[in-house]
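Welcome, and thank you for taking a look at this structure with us. Please have the sequence and the 3D view open side by side as you read.

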Amino acid sequence: MNRLSILFLPTTVLLCTCAHELPIKKPAPDLRGWHQGVDWTRAGAEAARVLSGYLKVDTFNPPGNETRGARYLGSVLAREGIPYEIVEHAAGRGSLIARLKGSGKARPLCLLSHIDVATADASQWPAGKGPLSGTIDDEGMIWGRGALDMKGMGTLELMTLVWLKRKKVPLKRDVILLAVADEEVNNAGMKYVLSKHWGRIDCSHMLNEGGLGIRGVLFPDHTAFAISVAEKGVLWLRMVVRGKGGHGSTPLPGHTTPLLLEMLRKIQKRKPKPRMDASLEEFFARVGRQRGGMTGFVMQRARLLQGLLIKKLMAKPATRAALTNTVNITGLDTGGNEPNVVPTVASARLDCRLLPGETKESIVAELRGLVGHDPRVTFEVMHYELAAGSAWKNDPLFEALMHHTTRGRKDAAAGPVLSIGFTDSILARKKGVRAYGLVPFEVTQEEMQTMHGPRERVSVKNVENGLRILYTVVVEVAADLSQSPAR
Ligand SMILES: [Zn+2]
């Protein structure tokens with residue numbers, strides 16, 4: 001944002017635009033010392049070793065084999081005397097539930113992760129630092145598929161339980177560790193736990209993946225911790241065109257495959273209207289309040305922000321996806337016909353992601369309008385979930401995440417965001433759970449892009465800081481702060 005562009009704004013816009021109202025910062029509660037007394041350097045090194053071992057366990061999905069990963073987590077819990085059980089939705093597809101009991105003054109807090117990881121092409125990784133290596137190199141990086149997504153967070157959650165137990169922290173609520181199978185493919189692990197074992201979990205709050213601390217995403221010298229409070233909906237469609245088939249030698253008007261392509265071109269030309277979710281408005285306002293200056297002034301005013309920055313935001317694929325309903329053509333099917341045969345049916349797969357408030361009806365109506373209400377086209381729904389979010393204003397878990405990720409730092413801010421992808425949180429929210437997504441690591445954009453790609457890794461320093469942050473957050477929201485540690 002340059003100063004000149006501000007000067008060219010009509011004064012009326014400046015006059016009628018007031019700053020986004022942010023809650024007054026409340027002082028964080030006194031933790032009575034329960035968060036102290038851990039040597040974080042040693043605890044971080046120990047957690048790094050646990051993560052290294054976890055990364056060596058092959059839980060590529062497909063096929064998953066998550067029971068192996070669950071047993072690995074279970075072996076750490078067993079050493080500490082923390083009870084757990086493994087439940088399988090299919091042979092070898094285990095999810096783990098462990099619990100530290102609280103007094104029951106508040107409903108449980110659930111720390112969620114998934115055990116399975118995306119597949120990886122080992123040939124694309126450096127020698128000795130492969131996807132199943134768990135190598136900790138000389139620069140203090142831990143290598144392997146899942147380091148960021150999300151065995152790293154799973155390890156922080158596991159070690160948080162371990163430290164709560166070791167420090168004998170009195171709890172006002174149960175703290176439940178839930179590590180599920182099959183997040184990457186069908187969410188079958190989470191669906192199974194929700195349908196068969198929810199009675200034993202029934203938490204009011206859940207912490208899961210969804211956001212991260214990203215260095216340099218808004219300003220080069222700044223880290224933004226994006227706490228996911230909502231996820232876009234998903235609508236997978238098959239767009240089927242039934243038309244003229246025939247011999248390939250003579251192109252005819254109405255032949256199915258060219259017709260399908262013509263319609264897809266129309267869909268590609270769609271110009272979706274940008275709409276900023278309330279979470280993102282608050283996110284920018286919080287960063288703006290912290291940055292100050294002219295940029296901060298604009299960031300705290302949604303209307304200015306949208307007027308001045310919307311073009312920039314729409315030019316970047318990730319921010320464009322956060323502001324619009326997206327429709328992505330992800331596959332074509334013409335039924336395996338010979339080169340000289342025009343099929344009578346051809347279809348395309350469309351991955352549509354929906355902003356809060358949108359439905360399959362609204363998207364299909366838009367697509368129908370684009371292809372000209374042609375009776376030869378039908379839309380079949382393959383999968384559908386509405387966007388879902390959790391309230392975050394004045395929520396104790398959300399506030400604790402905000403506070404402990406940025407405490408004492410002038411170069412970091414945190415705030416709520418709408419995620420463009422979905423996680424198991426979208427399912428948990430249907431049970432009325434307040435689910436937030438934040439892995440308390442601080443990564444560069446390059447590191448972030450290694451999730452599902454080659455060279456996925458996380459630093460030992462991140463594991464140490466992340467464990468300290470997560471442990472402190474959990475102490476704040478789950479410890480019985482009416483008691484003090486024995487001196
Ligand atoms: Zn994940």
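The report below walks through a metal site, some helix packing, a few backbone features and two residues with their surroundings. Please keep in mind that this is a predicted model.

**The zinc site**

A good place to begin is the zinc ion. Its donors are NE2 of H114, OD of D149 and OE of E209, with E209 (OE) listed twice, at 1.9 to 2.6 Å. Along the chain, these donor residues follow the spacing H-x34-D-x59-E. H114 belongs to strand β3 (residues 109–114), while D149 sits in the loop between β4 (141–143) and α5 (151–166), so the pair ties together parts that are 35 residues apart in sequence.

What do the angles say about the site of the zinc ion? Among the four donor atoms they run from 53 to 149°, and the site is irregular. For four donors to count as tetrahedral, all angles would have to lie between 85 and 135 degrees. As a point of reference, the ideal angle for four tetrahedral donors is 109.5 degrees.

Are H114 and D149 buried or exposed? H114 is buried, with a relative accessible area of 1%. D149 is buried too, at a relative accessible area of 8%.

**Helix α5 and its partners**

Just after the loop that holds D149 comes α5 (151–166), and this helix crosses two others that are described here. One partner is helix α17 (residues 460–478): the axes of α5 and α17 come within 9 Å and cross at roughly 55°. That angle makes α5 oblique to α17. The crossing is right-handed. On the α5 side, the contact is made by L156, E157, M159, T160, W163 and L164. On the α17 side, V463, G466, L467, L470, Y471, V474 and V475 take part.

The other partner is α3. The axes of α3 and α5 come within 9 Å and cross at roughly 130°, which makes α3 oblique to α5. Their crossing is right-handed. From α3, the residues in contact are A43, E46, A47, V50, L51, Y54 and L55. From α5, they are K151, G152, T155, L158, M159, W163 and R166. M159 and W163 are worth finding in the 3D view, since they appear in the contact with α17 and also in the contact with α3.

**Backbone features**

Here is some background for this part: most residues other than glycine have a negative phi, and most peptide bonds are trans. Four places in the model are listed below with their backbone angles.

| Place | Feature | Angle |
|---|---|---|
| N61 to P62 | cis peptide bond | omega about 0° |
| D149 to M150 | cis peptide bond | omega near -15° |
| K168 | positive phi | phi near 50° |
| H452 | positive phi | phi about 70° |

Where do these places lie in the chain? P62 is in the loop between α3 (40–56) and α4 (66–80). M150 lies in the loop between β4 and α5, and its partner in the cis bond, D149, is one of the zinc donors. K168 is found in the loop between α5 and β5 (175–180) and is exposed, with a relative accessible area of 68%. H452 is found in the loop between α16 (445–448) and β17 (457–459). At 45% relative accessibility, H452 counts as partly exposed.

**Two residues and their surroundings**

Next, look for V185, in the loop between β5 and α6 (188–196). V185 counts as partly exposed, at 40% relative accessibility. Which residues does V185 touch, not counting those up to four places away in sequence? They are N61, P62 and D116, so the list includes both residues of the cis bond joining N61 and P62. V185 and T160 are 25 residues apart along the chain, and their C-alpha atoms are separated by 27 Å.

Finally, visit P416 in strand β15 (residues 412–419). At 0% relative accessibility, P416 counts as buried. Leaving aside neighbours within four places in sequence, P416 is in contact with I227, V229, S279, L280, E282, F283, R286, W392 and F398. The C-alpha atoms of P416 and F284 are separated by 9.1 Å, although their positions lie 132 residues apart along the chain when counted as a sequence separation.

Methods: Residues numbered from 1 in each chain as written. Predicted model: local features only at pLDDT ≥ 70, side-chain atom pairs only at ≥ 80, totals over all residues. Heavy atoms only, no water. Donors = N, O, S within 2.8 Å, 3.2 Å for Na, K, Ca; no water. Tetrahedral: all angles 85-135°; square planar, octahedral: opposite > 155°, others 65-115°. Helix = DSSP H or I, 4+ residues; strand = E, 2+ residues; numbered from the N terminus. Buried < 20%, exposed > 50% of the residue type's maximum accessible area, 1.4 Å probe, protein only. Axes fitted to C-alpha atoms, helices over the stretch in contact; angles between N-to-C directions. Parallel < 35°, antiparallel > 145°, perpendicular 65-115°, else oblique. Left-handed = near helix turned anticlockwise from the far one by under 90°. Contact = heavy atoms within 4.5 Å.
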